[in-house]
Amino acid sequence: MAKKSRGNNEGSIRERKKGQWEGRVTIGRKPDGRPNRISFYGTSRQEVSNKITDALSKLQNGTFVEPNKVTISQWLDKWMEVYQKGTISPNFYARRKDLIRLHITPKIGKILLLKLKPADIKGFYNQLAKDGRKPRKKKNGDTISFKEGTSLGLATGTIRHIHNILNPAMRQAVREGLVPKNVVADVTPPKLVKTREANPLDKTEAGLYLAALKDNRLYAGFVVELTTGLRRGELIGLHWSDIQNGVLKIRRQVSRVKHDDGSSSLEYTDLKTPSSYRSIVLPTITIAELKAHKARQAQEKLLAGKTYKDEGLIFCNTIGQKLDTRRFYSIHSDTLKKIGLKHRAFHDLRHSVASLLLQAGESIKTVQDIMGHADADTLMNVYAHLFEEMKQSAADKLDSIFAEPVPLEKTEGAVEEDIVVI
């Protein structure tokens, strides 16, 4: 039988099952005169008692909201403001807000927290996978339609990101006694499916690419990119003080940060992961181009005079300010068209470095360190196709080694046997 106990001003508290307690308290009267009682949940009697005390306090000062009237949308707004703001990067915060606004609120936002079921979440994920993509709009308001044959489903990575919003938000709702259980935890998000393979430049393409950029004022930036494999934000965030004795230290990145009022600005931000903070020994050709670039930059500084805002950046605009994060991408796209190569992401230049190094026989550990990957698994997953080619190459080399059987030296009295090659 369930244990019951009542303390002063705490309502009734009972143990529902081992490790789960429920407390009920009257917060007023319903329109028909019956008592309006609500429930709080926790893993101990004291936890539930504290929640009831907190609720009664809020009831007194007029800030209490009944748990059974809180919708998913209302709770996510509070969770983002109280538990996410300031704890994650501004861009990650903005991304989560966008996913809530574009996908969660329109589909399941009006459902009450207490009414949410695993089937609701699973159905929501299935719908997103089927037709979750939103057509974008041009600046003039025209809608950009999807190409025929293009999948209308949301990428599995995006659905998993939505799951990673709902799951901790509901977990916090359990802690606050708004729901007895995190029903999102009972739903498995879709398995991650890669929608875009790495598309690196080969050795010949990389040579043509750099040759076409030779006269560009940011040429040295592309040399750095194709000899270090930096992320774009890392490249833009480089300072001259980051280079010491031919060693480049990656310490920061530049990101376009979104603000609450809808505006954005270029800011120095932390790197992606702890392993992104790394040191790279620069090749001689890269050092030579950086020296030439520094000399040209000094001339720009003289021409700009007092308008030059020197932040110590290696790659900046003509008056020393941070480059827009799309500047390198724009030049990159134009260059690919110029030399007749199919379009690929700027990030594929980073893939090019890893690919060329691995094909040249560099160790996985060294390439991992240069790329700033947290572990070798990331490298193995991204370049799985390349490793398969390298395995085939190794097999071909073994073929060449053992293609001709080596005759055995005869010893006196030995019996000659046929050599069979399998």
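In the protein chain, 58% of the contacts between residues at least 6 apart in sequence join residues at least 24 apart. The model behind this figure is a predicted one. Its secondary structure adds up to 14 helices and nine strands. Of the 422 residues in the chain, 38% count as buried. The accessible surface comes to about 25,600 Å², and carbon and sulfur atoms account for 53% of that.

Charged pairs come next. The structure holds 21 salt bridges, and a few of them show how such pairs can be placed. Take R101 and D98, whose side chains meet in a salt bridge with an N to O distance of 3.2 Å. Both residues sit in helix 3 (residues 90-108), three residues apart, or about one turn of the helix. R101 counts as exposed because its relative accessibility is 52%, and the cut-off for that label is over 50%.

The bridge between E289 and K214 is another case, with 3.5 Å from N to O. Here the pair links distant parts of the chain, 75 residues apart: E289 belongs to helix 9 (residues 284-304), while K214 is in the loop between helix 6 (203-212) and helix 7 (219-228). The two ends of this bridge also get their own burial labels. E289 is buried, with a relative accessible area of 18%, whereas K214, at 47%, counts as partly exposed.

Then there is the salt bridge of R231 with E234, where the closest N and O atoms are 2.9 Å apart. R231 has a relative accessibility of 13%, so it goes down as buried. E234 is buried as well, at 0% relative accessibility. Elsewhere, R14, R16 and E22 are joined into one network by salt bridges that share partners.

Arginines turn up in loops too, and R344 is one of them. This residue is found in the loop between helix 10 (327-338) and helix 11 (347-359). Despite the loop setting, R344 is buried, with a relative accessible area of just 4%; the label calls for a value under 20%. What does the side chain of R344 have by way of polar atoms from the backbone of N199 and P200? The backbone oxygen of N199 lies 3.3 Å from a polar atom of the R344 side chain, and the backbone oxygen of P200 lies 3.1 Å from a polar atom of that side chain. Leaving aside neighbours within four places in sequence, the contacts of R344 are N199, P200, L201, E205, H332 and L336.

R34 is another loop arginine, placed between strand 3 (20-29) and strand 4 (35-42). With a relative accessible area of 49%, R34 is partly exposed. Its side chain makes a polar contact of 2.6 Å with the side chain of D32. Not counting residues up to four places away in sequence, R34 touches G28 and R29.

Turning to the strands, strand 7 (residues 253-258) and strand 8 (residues 264-269) run antiparallel and are joined by six bridges. Within this pairing, R256 stands opposite L266 in strand 8. The two strands form a hairpin with five residues between them, and in it G262 takes a positive phi near 95°.

A positive phi also appears at N245, which is not a glycine; the value there is near 55°. Most residues other than glycine have a negative phi, so this one is worth a look in the backbone. N245 is placed in the loop between strand 5 (243-244) and strand 6 (247-250). At 81% relative accessibility, N245 counts as exposed.

Finally, the surface has a nonpolar patch of about 350 Å², made by L398, I401 and F402. L398 lies in helix 14, which covers residues 384-401. Its relative accessibility of 49% makes L398 partly exposed, and a residue needs over 30% to be part of such a patch.

Technical notes
Residues numbered from 1 in each chain as written. Predicted model: local features only at pLDDT ≥ 70, side-chain atom pairs only at ≥ 80, totals over all residues. Heavy atoms only, no water. Patch = residues over 30% accessible without salt bridge, like charges linked within 9 Å, V, L, I, M, F, W, Y side chains within 5 Å. Areas by Shrake-Rupley, 256 points an atom, 1.4 Å probe, with all protein chains shown as cover. Salt bridge = Lys/Arg side-chain N within 4 Å of Asp/Glu carboxyl O. Helix = DSSP H or I, 4+ residues; strand = E, 2+ residues; numbered from the N terminus. Buried < 20%, exposed > 50% of the residue type's maximum accessible area, 1.4 Å probe, protein only. Polar contact = N/O pair within 3.5 Å; in protein donor to acceptor, adjacent residues only side chain to side chain. Contact = heavy atoms within 4.5 Å. Pairing = 2+ DSSP bridges.
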